[in-house]
Amino acid sequence: RVQAGLLDPGAPALLMAAVQAFRGQLDMLVNNASSFYPTPLGQVTEAQWHELMGSNLKAPFFLAQCAAPLLRASRGCVVNLVDIHAERPLADHPVYSMAKAGNAMMVKALARELGPEVRVNGIAPGAILWPEQGLSDDAKRETLSRTALERPGSPEDIARTLLFLVRDAEYITGQIIAVDGGRTTQQ
């Protein structure tokens, strides 16, 4: 078992060296680590900026860059967990929304840079898991009322989409699949 603080500059190299030593190859990289909390404009600190940009943008980029040789050798893939708020910013979360917008562009840019050997895609979840700081039942109902399916998704919905992208989507790269119950189709 290998652990690393993803914001530490040496973390990507440490993790990839451990993968190389353990297995000798890497078939996929799933960038799922993320910080999420409100940062109302006028109250954002530089520490919050660095943490949100670091976990949602910097770490996935440098992990992918460091993993690229192993992924190229195995003709592997990268899947970033983006967010529907990369396109529609979430109120009081401007830094998170901007970081996820950068993460979405990273999917497209890395698909171009790592192709043809490596496919790069993203998954943009909607209401799957509620924030750790909790939402009132009214806020949850309001969120769900803005989805076409009017219900939350499950982690299994994300896992099935990930499995599709990794195993079955041989001719898909540079795409982001919204797994949001139709939230992005609603006003």
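Modeller: Contact here means heavy atoms within 4.5 Å. We're looking at a predicted model, where local features need pLDDT of at least 70, side-chain atom pairs count only at pLDDT 80 or more, and totals for chains, interfaces and linings use all residues. Residues are numbered from 1 along each chain as its sequence is written, and side-chain values use heavy atoms, with hydrogens and water left out.

Biologist: Which residues is L29 in contact with, leaving aside its neighbours within four places in sequence?

Modeller: L63, A64, A67, L71, C77, V78 and V79.

Biologist: What makes a set of residues a nonpolar core?

Modeller: They are buried Ala, Val, Leu, Ile, Met, Phe, Trp, Tyr and Cys residues joined through side-chain atoms within 4.5 Å. Buried means under 20% relative accessible area, exposed over 50%, and partly exposed in between, with a 1.4 Å probe and protein chains only. The largest such core has 23 residues, and M16, L29, L71 and V120 touch the most other members. A second, separate core of eight residues includes L81, I123, I128 and V179.

Biologist: How do you know that α1 spans about what a helix should?

Modeller: The expected span is 1.5 Å times one less than the number of residues. α1 has twelve residues and reaches 16 Å from its first C-alpha to its last, close to the 16 Å expected.

Biologist: Why do the buried residues of α1 line one face?

Modeller: Those residues are A11, P12, L15 and M16. The arc is taken from the directions from the helix axis to the C-beta atoms. Seen down the axis, the buried residues fall within 125 degrees, so they line one face of the helix. What covers them includes α2.

How values were computed: Helices (H or I, at least four residues) and strands (E, at least two) are DSSP runs, numbered from the N terminus.
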